[in-house]
Amino acid sequence: GVVSPASEGPAQSARPGPVPGQGASHHLRRRVFQQAGAVPFRVLPDGTVQVMLITNRDGGWIVPKGMIDRGHTPEQTAQTECMEEAGVLGQLGPSVIGTYEYDKGHKRCRVRLFALRVSEEMERWPEGRWRKRQWLSQKDAVSVASIPAVRMIIERLNVASLGDGAAA
């Protein structure tokens, strides 16, 4: 499902269409950049679902995501970003669990999120020197995540519905 929050904070306005007074040409030249990422999760022996969040440059709590490079699939990108940004490896769920859009500078980005069942946590990973990572209960992750659309996607995460690949 597509999640379209009313507001994603000061730097991430969710305004569709041209801004009044700027004319349509401003809106038409804004290409939407495709990104992919994942909500890393694990299920504890007692059945509790935990979600891993990571920090962004501003110290906010987010999920791993990044631009889809030419020749890569959204699924490959999601797994790569989880390894680079969160230091986790695992099994990706079979389909997109949510999408959202945000503004990054003058670029509009559309993010497709998957669920990633974590099977391995690396001690050292490419962005580990400047990112924190934290396991949280699903409920706590919903309240801590910085982007409203991501909070909604985490809240709706149903690990039992992900099929044998990610839920086993």
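Q: Which elements do the buried residues of α4 pack against?
A: This is a predicted model, in which local features need pLDDT of at least 70, side-chain atom pairs count only at pLDDT 80 or more, and totals for chains, interfaces and linings use all residues. Residues are numbered from 1 along each chain as its sequence is written, and side-chain values use heavy atoms, with hydrogens and water left out. The buried residues of α4 are P148, A149, V150, I153 and I154, where buried means under 20% relative accessible area, exposed over 50% and partly exposed in between (1.4 Å probe, protein chains only). Through contacts, meaning heavy atoms within 4.5 Å, these residues pack against β1, β2, β6, β7 and α3 (138-144).

Q: Is R156 buried or partly exposed?
A: R156 lies in helix α4, which covers residues 148-156. Its C-alpha is 9.6 Å from that of Q138, 18 residues away in sequence. The relative accessibility of R156 is 44%, so this residue counts as partly exposed.

Q: In what order do the elements of the chain run from the N terminus on?
A: Helices (H or I, at least four residues) and strands (E, at least two) are DSSP runs, numbered from the N terminus. The chain has five helices and eight strands. Their order is α-β-β-β-β-α-β-β-β-β-α-α-α.

Q: Which residues touch the most other members of the largest nonpolar core?
A: A nonpolar core is a set of buried Ala, Val, Leu, Ile, Met, Phe, Trp, Tyr and Cys residues joined through side-chain atoms within 4.5 Å. The largest one has 38 residues, and those touching the most other members are V39, Y100, L113 and I154. Strand β7 (residues 107-121) gives this core its largest share, seven residues. To name the four again, they are V39, Y100, L113 and I154.

Q: Leaving aside neighbours within four places in sequence, which residues is I154 in contact with?
A: I154 is among the buried residues of α4. Once neighbours within four places in sequence are set aside, its contacts are V39, V51, L53, V63, Q138, A141, V142 and A145.

Q: How many bridges pair β1 with β7?
A: Two strands count as paired if DSSP finds at least two bridges between them. β1 and β7 run parallel, and G37 has L113 of β7 as its bridge partner. The number of bridges in this pairing is ten.

Q: Which residue in the turn between β1 and β2 has a positive phi?
A: β1 and β2 run antiparallel and are joined by three bridges, with V43 bridged to V49 of β2. Five residues separate the two strands of this hairpin. The residue with a positive phi, about 95°, is G47.

Q: Which residue of β4 is the bridge partner of A36?
A: β1 and β4 are paired in the antiparallel sense, over three bridges. The partner of A36 in β4 is G66.

Q: Why is β6 called largely enclosed, and how many of its residues are buried?
A: Strand β6 spans residues 98-104 and has seven residues. It pairs with β7 in the antiparallel sense over seven bridges, and in the hairpin of these strands G105 takes a positive phi near 65°. β6 is largely enclosed by the rest of the structure because its buried residues number five.

Q: Which side chains make a polar contact with that of R108?
A: R108 is found in strand β7 and is buried, with a relative accessible area of 11%. A polar contact is a pair of N or O atoms within 3.5 Å; within protein, one must be able to donate a hydrogen and the other to accept it, and residues adjacent in sequence count only if both atoms are side-chain atoms. R108 has one such contact of 3.0 Å with E101 and another of 3.0 Å with D103. The partners are therefore E101 and D103.

Q: Why do the buried residues of α2 lie on the same side, and what arc do they cover?
A: Helix α2 (residues 74-86) has 13 residues and reaches 17 Å from its first C-alpha to its last, close to the expected 18 Å, which is 1.5 Å times one less than its number of residues. Its buried residues are P74, T77, A78, E81, C82, E85 and A86. The arc is taken from the directions from the helix axis to the C-beta atoms. These residues are on the same side of α2 because their arc is only 135°.
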